[in-house]
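Please look through the structure below with its sequence at hand. The text after it goes through selected parts of the chain.

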Amino acid sequence: MTTIRRISLFAAAGMAALSAAAASHAQDAASQIDEIVVTAQKREQKTLDVPMALTAYRGDFLEKIGVQEFDRLSLFVPGFVVQNQSPNNPGFVMRGITSDSGDSTVEPRVSVFQDGVSISKSRGSYIELFDIQRIEVAKGPQSTLFGRGALIGAVNVIQNKADPSALDWRLRAEYGNDNYGLFEGMANVPVTPDLAVRFAGRFKHRDGPVGNLLGGEPLGSTDTGALRLSAHWTPTDRLTVDLIGNYEADHPTGTAFKSNTFDPTNPTTGQVLGDRSPNSPAALSSGYGFEGGADLGVKRYVQGVTALVDYRISDAFKLSSITAARHFQSEEVFDPDGFSLPMLTFAEDARGSQYSQEFRLNYDEGGRFTWFAGVSAFGENGRQRVPVQIDERYALALIAGQIARPDPQPAAVLANPAFSAALLKGLAGSYGYALPTPIAQGVAANLKAPHLESYANFGETTAYDVYGDVTWRATDKIEISAGLRYTTADKTSRVSSAVLNGRSVLGGVMAALSLPEPNRTALLAALAAPGAAAIPQSAGYPVPLFGIVAQPTANNGDKQSADLTDDGLTWRLVGRYKPSPTLSFYASYARGRRPEVLTAGAPSTPQGAARFMPVSAETVDSYEIGAKALLDGGRLSLEGAVYDYEYDHFQTTVQQGALLFTTDAGQAQSYGFEGQATWRPAPWADLFAAYGYNHGRFSTGLYKNNQFRLAPDHKLSVGAALSVQALAGRFTFTPTYTWQSKIFFDDDNDIPALQKGHLLPDLVQDEYQKPYGLLDLRLDYQPSFSSNWSVGAFVTNALDEKYIKDAGNTGDAFGIPTFIAGSPRYYGVTVTIRR
């Protein structure tokens with residue numbers, strides 16, 4: 001079916017439904033839905049008048065349904081999924097397209113904004129949602145409106161600003177199971193009639209849902225503090241200045257990577273301690289004093305300052321400036337193998353600083369033309385360092401297939417040099433080589449516990465944009481909008497890798513076994529020399545400094561770099577037809593573009609040249625038809641859109657050893673439908689629902705016909721807010737139910753034949769989540785005799801649905817994928833006191 005025909009059929013059905021609904025009769029104003037005013041098109045408009053698929057929620061509604069973070073927000077937004085593996089490693093998915101890479105050289109596809117400032121870099125993008133005015137989620141290519149990172153959509157968090165008009169304050173506390181506690185406060189203080197300051201903060205803690213059988217705190221906890229200080233100044237009727245500072249610190253315990261291959265055991269005795277269910281306790285540790293003895297967990301800090309200045313030049317012209325600086329640093333230590341032996345321990349140390357300046361001129365005198373134009377500059381410096389610790393004795397046993405499944409042998413057995421020597425002889429035999437016993441014994445004695453190495457990538461970007469957008473109201477019912485953005489960017493990618501405590505003996509063995517004779521025996525004999533790991537490389541001992549995960553760059557850690565200049569155009573063309581004040585139809589064509597990427601990789605041989613791999617710019621052509629209506633006298637709001645995306649040079653990630661690299665997967669396609677509805681049948685009842693269908697598949701290349709990762713074909717949410725007067729007050733009951741269909745966690749869909757780049761093959765296709773749903777319930781009481789306080793109770797995942805939120809992960813590269821459990825049932829009470 002062609003794109004135009006597919007869209008036309010969907011659109012015809014949608015328009016027919018809206019036309020039928022339009023016959024409903026009017027109701028009284030008390031039952032009307034409050035329309036939200038948004039700024040997605042850089043001017044204030046009601047959502048009905050915005051010709052794009054847009055979901056917008058006010059802060060009070062988000063509080064009503066218990067939204068505190070992006071992952072829960074996404075449950076109620078069609079076409080939007082957020083995976084929260086940890087605050088350091090979120091994934092934002094818009095209409096099937098995922099943005100989650102921590103690589104400092106990679107550009108985001110989905111942009112996240114705070115008050116118009118991009119915070120899209122993955123490791124710094126996940127923030128607490130508190131003291132929020134509203135959140136706007138715009139689907140489809142939005143580069144002309146939001147900038148170069150909005151290939152397929154943008155999320156804009158609009159925070160409450162200081163208000164000189166009145167003193168205001170509010171305190172809120174929550175307490176629940178698993179030692180859950182939340183304290184939140186806000187104070188808005190007028191200083192003069194033209195100046196006010198506002199302070200807001202949130203502190204939140206909850207024990208992790210997965211116990212650790214090796215001791216320590218439960219895994220996957222929440223431990224967050226966030227503060228915001230803002231000031232608002234209006235020195236004249238024409239000038240407005242807002243200054244906003246944000247700070248957030250996250251210190252959760254380790255991510256609960258759980259092996260589906262090995263049972264949790266006591267590493268000393270081999271005693272089985274638990275089962276392999278992702279929801280049951282794990283047996284994880286950091287082992288051997290890794291990273292200075294750091295515990296498993298995340299230490300993340302994010303801070304930023306934003307200045308918003310609006311100057312009303314005249315009734316028709318307004319000049320806006322957005323100036324921002326932001327920095328994040330985050331280190332996560334994790335046990336990626338998911339079982340009790342300290343075979344693998346990894347960390348990710350990500351840091352980034354960015355600076356941006358934007359000037360925009362808006363024109364609107366109430367006539368047929370409105371437009372805006374602007375320029376912006378963006379600079380970013382980023383680094384991702386990945387330290388690795390490997391016990392070569394256990395890793396050898398894994399490679400040789402001799403760690404007992406599902407219950408590993410005790411550590412003493414696997415660490416016995418005689419056992420390792422036998423494994424080496426067997427492994428050599430699989431290559432058709434009879435390894436002499438003395439050499440096997442010498443190599444076994446040299447295996448390191450542990451081996452340490454480190455890989456790092458660096459990215460620098462300086463970009464400049466020029467953009468403009470114009471809307472022409474051809475008639476009272478027809479308007480046409482067009483926008484264009486030009487972007488140019490200079491990028492530098494760097495890479496550095498090193499072995500930190502001498503060469504990897506196991507890495508040398510794996511390299512030697514692939515060599516022809518006599519080189520193979522000569523290298524293995526050299527690795528059997530006493531203290532082989534620490535012998536300096538020289539003419540007399542020319543054994544390379546082998547790594548396992550990454551081979552070292554020149555001089556064991558030199559930075560190597562490459563440069564790239566990229567530029568391109570993005571655009572949109574939109575037609576809108578508004579037959580009545582409460583009904584609107586639109587059609588759009590847009591081009592989205594993800595800039596060219598210069599992926600940096602470690603050398604393929606020890607101390608060789610780093611690998612720099614240019615990946616062509618990804619483009620998408622988007623076709624969308626939608627309709628919006630406010631019906632039944634303003635009591636019923638309906639929105640629907642059908643879309644078709646055609647991708648060229650689709651960028652995906654592939655596994656090369658234990659590291660991920662961006663590559664060109666060819667062509668891909670995504671099409672679907674999104675709809676949302678809000679209905680107020682009576683003053684005491686609000687009903688809301690959203691549904692998204694997205695069919696995202698690769699069209700060509702290695703992944704042909706595979707489903708996009710983290711992208712359910714179907715996604716549904718329904719809810720209600722039902723109020724009743726009782727006990728001298730108002731009770732409001734808010735049930736919600738969210739459901740999604742099957743998802744895969746990698747673009748290879750865990751197909752064994754597509755995992756050729758892994759260090760060890762994973763031969764079982766089990767890294768997916770079946771369809772599941774979550775029921776949440778909230779009950780709030782507001783006394784009629786006082787508006788200064790309220791109380792409530794809540795339960796999330798009321799049916800205690802068991803599901804996973806991620807699978808595969810780093811362990812998948814070693815043939816032992818890990819699984820991360822979703823949140824179990826949580827419950828608690830809440831108290832709010834306000835001025």
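The paragraphs below treat a helix and its surroundings, a helix pair, a sheet, and several residues with particular backbone or burial features.

The model is a predicted one. A convenient place to begin is helix α7, which spans residues 392-399. Seven of its eight residues are buried, so α7 is largely enclosed by the rest of the structure. The buried residues are E392, R393, Y394, A395, L396, A397 and L398. Both helices and strands contribute to the cover over them: it includes strands β20 (369-390) and β21 (451-473), together with helices α8 (411-414), α9 (417-429), α10 (437-446) and α11 (505-513).

The chain leaves α7 through a segment with two backbone features. Just after the helix, G401 adopts a positive phi of about 70°. Further along, the peptide bond from R405 to P406 is cis, with omega near 5°. P406 belongs to the loop that links α7 to α8. Another cis peptide bond runs from E517 to P518, where omega is near 0°. P518 sits in the loop between α11 and α12, the latter covering residues 519-527.

Two of the helices that cover α7, namely α9 and α10, also pack against each other. Two packed helices are described by the angle between their axes and the distance between the axes. Here the axes of α9 and α10 come within 8 Å and cross at roughly 125°. Angles of 65 to 115 degrees would count as roughly perpendicular and those over 145 as roughly antiparallel, so at this value α9 is oblique to α10. The crossing of the two helices is right-handed. On the α9 side the contact is made by P417, S420, A421, L424 and K425, and on the α10 side by T437, A440, Q441, V443 and A444. Sorted by class, the residues in this contact are six nonpolar, three polar and one charged.

Elsewhere, five strands form an open sheet of mixed pairing, in the order β3-β9-β10-β7-β8. Its edge strands are β3 (54-58) and β8 (117-118), each of which pairs on one side only. The neighbour of β8 in this order is β7, made of residues 111-114. β7 and β8 pair in the antiparallel sense over two bridges. One position can be followed in detail: Q114 has V117 of β8 as its bridge partner.

Strand β34 covers residues 729-740 and contains T734. Is T734 buried or exposed? Its relative accessible area is 1%, and because buried means under 20%, T734 counts as buried. Beyond its neighbours within four places in sequence, T734 is in contact with K64, I65, A720, A721, D776, L777 and R778.

The loop between β33 (714-726) and β34 holds A728. Phi of A728 is near 60°, a positive value in a residue other than glycine. N809 is likewise not a glycine and has a positive phi of about 60°. N809 lies in the loop between β39 (804-808) and β40 (818-821). What is the exposure class of each of these residues? A728 has 47% relative accessibility and therefore counts as partly exposed, whereas N809, with a relative accessible area of 18%, is buried.

Definitions and conventions:
Residues numbered from 1 in each chain as written. Predicted model: local features only at pLDDT ≥ 70, side-chain atom pairs only at ≥ 80, totals over all residues. Heavy atoms only, no water. Helix = DSSP H or I, 4+ residues; strand = E, 2+ residues; numbered from the N terminus. Buried < 20%, exposed > 50% of the residue type's maximum accessible area, 1.4 Å probe, protein only. Contact = heavy atoms within 4.5 Å. Pairing = 2+ DSSP bridges. Axes fitted to C-alpha atoms, helices over the stretch in contact; angles between N-to-C directions. Parallel < 35°, antiparallel > 145°, perpendicular 65-115°, else oblique. Left-handed = near helix turned anticlockwise from the far one by under 90°. Nonpolar A, V, L, I, M, F, W, Y, C, P; charged D, E, K, R; others polar.
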